[in-house]
Amino acid sequence: MDAEAQDSFREFVEHRSSALLKTAVLLSGGDRHTAEDLLQNALIKAAGRWHRIDEPEAYVRQILYRQQISRWRLKWPRRELSVAEPPEGRTAGDDSSAAEVRLVMRGALARLTARQRTVLVLRYFEDLPEADVARILGCSVGTVRSTTHRSLARLRTLAPELAALNAPSRPSRDYAPVEVRP
Amino acid sequence: MNVEELVRDSLRDLAGEQEPAAPGFADRVLAVRRRRRTRRFASVAAATAAVVAVSVAVPQLVSGGRDDVRPSEVTGGQSLPVTAISAGRTVVAAYYTTKTRKSGKGEGVAERTYRLLDPSTGRYKKDTRWSYVAVAPGAKTAAVLERTLPASRVGLLDLTTGKVRKWYEIRMGIGGLSFSRDGTKLVVTTYDENPDRMFEVKNADGGVNGWMAGRPTSRNGYMILDVEDGNGAWWQIKSGRDVPSRADFAFTGDDKAVYARIVGGQDGMEEFYDLSGKKITAPAKEKYLRWDVPARISPNGELAALGLTKEVNMGKKLPGKSYSSIRNPLTGKEITKVRGGQLLAWVDDHRLIAWERTTPLKNAGYKDRLVLVTIGSDKIVPLSGERDPDDGPQRLAWEPVFAER
């Protein structure tokens, strides 16, 4: 990497690292440390072929997603976040507030496998169509569809409170912002 | 609202809460990249390629496995940690190496060089200004002493900015510092002379001369200093022949007394004082503790960390396994054994950070590294590179300073 490439790399990281880090945090289930490691590895890979990359951001994002999937393929230890309270232990009362449901949701997201989480992030955070998700992850559209389905089903199992969400009688609520540490 | 919408909202919330990446992230990435490349080339060239690859791969595997365990990267051929080592709330907030500098004929001074963890970058940074550093709970502030010992003032150093926020002038000669568990008090140990004074010991075989700590001690008292306002009373004490040259006080688990090492019939003996200059018997829970096992009592107060009790020979090639004793603090009876040659700090009520050997039991010397051990499990999680505490170059024989975050 020559000096010019280093400067452009630095500039890219300075401008885009915060946005990329957000995605990395989601992919790692809310664990900032793991997210920084994930992003660092992706950027190192990108730095290796910096002068050949046309769209650095898309390239780094693709590495981020694929890293997650390949870790899964390699049968690495499941990268789950341990949370203080197991979501299974919580029961949904009538008064379970929106804030509480979100808290439960976060705990549940952290407990998915890296692959499941990656698919959900692509589908619902990046809002990508199934075909694009399949292209990025290098799998078939059918796999994306079934993984999405299974991930949502697992979320419902991990957080029984979510079952109540589909009940038609439930009034809509204002979602107040809550400060939660995952 | 359906589950898909809730997933979308939760992800957006979580993303929105993230603070921006730390400044200098690009430089950090480039530095890591350089190191990895160097390692890769080195490992291809070296005959011990497999060994190098393993020692490099382990920390990455580990950092991906457990969310709250952070091993350190190490520099090329050395074992000095570069990035923060932590497990749970326990962090290696600083570490130091010691080197004896000749100060006169047959005399020397053992001097520490500290590397302090910058909480904003998560990296250790060399800071040669201090002869002694104690890190406060929270790992954001340290109490420091300047180079010449005994010192006449204590500084409160902001570990993020590297600047001293406050100085407390104390007329007595200060040699050692230690924070209370709650971080509100410091116990300041005072000496008439430099407690790190060494004397040259002639090598009868004509080899390199060694160094020995001076005796008797010049310790003359201690002071309990309020960290907020700098008030405190100094207590003069008599130090007998059983007190070694440097015998700093530290708070007991309940912050109600202080203890220091003494030299006696067995290793690891301690003496206790209350907070007003009076010698007392050991508190019930600390009667069986040893000063050379720094982990002491578990956070819930139910387990006492004690010394090495068993070593298992794993043959000529594999590192031997060490086990330390976990005891009932009140009775001193062993409850179980846990991996680790020296238990340094509790992470929670089941896990500890320890030194564990990396060399086979026989005919292979002794080297060790920091590991995470768990009660009831034979597994260890490496947290640092290898260290040679005895025979290697002194600049690499580092000692960790722990703090709770």
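**Exercise 1. Getting to know chain B**

How many helices and strands does chain B have?

*Solution.* Start with the elements: chain B of this predicted model holds 3 helices and 26 strands. Next, look at burial: of the 405 residues in chain B, 36% are buried. Finally, turn to the contacts with a separation of 6 or more: in chain B, 46% of them are between residues 24 or more positions apart.

**Exercise 2. Following an open sheet**

Find the order of the open sheet of 4 strands in chain B, then name its edge strands.

*Solution.* Step one is the order, which is S15-S16-S17-S18, and the pairing is antiparallel. Step two is the edges: strand S15 (250-251) and strand S18 (279-280) of chain B each pair on one side only. Step three is a single pair of neighbours. S15(B) and strand S16 (residues 257-261) of chain B run antiparallel and are joined by 2 bridges. For a residue to look up, try B:Ala250, whose bridge partner in S16(B) is B:Tyr259.

**Exercise 3. A strand with two neighbours**

Is strand S23 of chain B mostly covered or mostly open? Work out, too, which strands it is joined to.

*Solution.* Begin with burial. Strand S23 (residues 351-357) of chain B is mostly covered, as 7 of its 7 residues are buried. Now sort the side chains by direction: B:Arg351, B:Ile353, B:Trp355 and B:Arg357 point one way from S23(B), while B:Leu352, B:Ala354 and B:Glu356 point the other way.

Then take the partners in turn. Strand S22 (residues 342-346) of chain B runs antiparallel to S23(B), with 4 bridges between them. A hairpin of 4 residues links S22(B) to S23(B), and B:Trp346 is opposite B:Leu352 in S23(B). Strand S24 (residues 368-374) of chain B is also antiparallel to S23(B), and here there are 7 bridges. In this pair, B:Trp355 faces B:Leu370 in S24(B).

**Exercise 4. A glycine in a loop**

Where does B:Gly88 lie, and which residues does it touch?

*Solution.* First, place the residue: B:Gly88 is in the loop between strand S2 (86-87) and strand S3 (90-104) of chain B. Second, list its contacts. Leaving aside residues up to four places away in sequence, B:Gly88 touches B:Asp68, B:Val347, B:Asp348 and B:Arg351. You met B:Arg351 above as one of the buried residues of S23(B). Third, check a distance: the C-alpha atoms of B:Gly88 and B:Val69 are 6.4 Å apart, though 19 residues separate them along the chain. Last, classify it: B:Gly88 counts as partly exposed because 18 other C-beta atoms lie within 10 Å.

**Exercise 5. Backbone angles to look up**

Which residues does the cis peptide bond with omega of about -5 degrees join? After that, compare the settings of A:Asp127 and B:Ala139.

*Solution.* The cis bond joins B:Leu149 and B:Pro150, and B:Pro150 is found in the loop between strand S7 (141-146) and strand S8 (151-158) of chain B.

Now for the positive phi values. A:Asp127 is not a glycine, yet its phi is about 55 degrees. A:Asp127 is placed in the loop between helix H5 (114-125) and helix H6 (130-137) of chain A. B:Ala139 also has a positive phi, near 60 degrees, and is found in the loop between strand S6 (130-135) and S7 of chain B.

To finish, count neighbours within 10 Å. A:Asp127 has 9 other C-beta atoms there, so it is exposed. B:Ala139 has 24, so B:Ala139 is buried.

Terms used. Residues numbered from 1 in each chain as written. Chains lettered and ligands numbered in written order. Predicted model: local features only at pLDDT ≥ 70, side-chain atom pairs only at ≥ 80, totals over all residues. Buried ≥ 20, exposed ≤ 12 C-beta atoms within 10 Å, placed from the backbone. Contact = placed C-beta atoms within 7 Å. Pairing = 2+ DSSP bridges.
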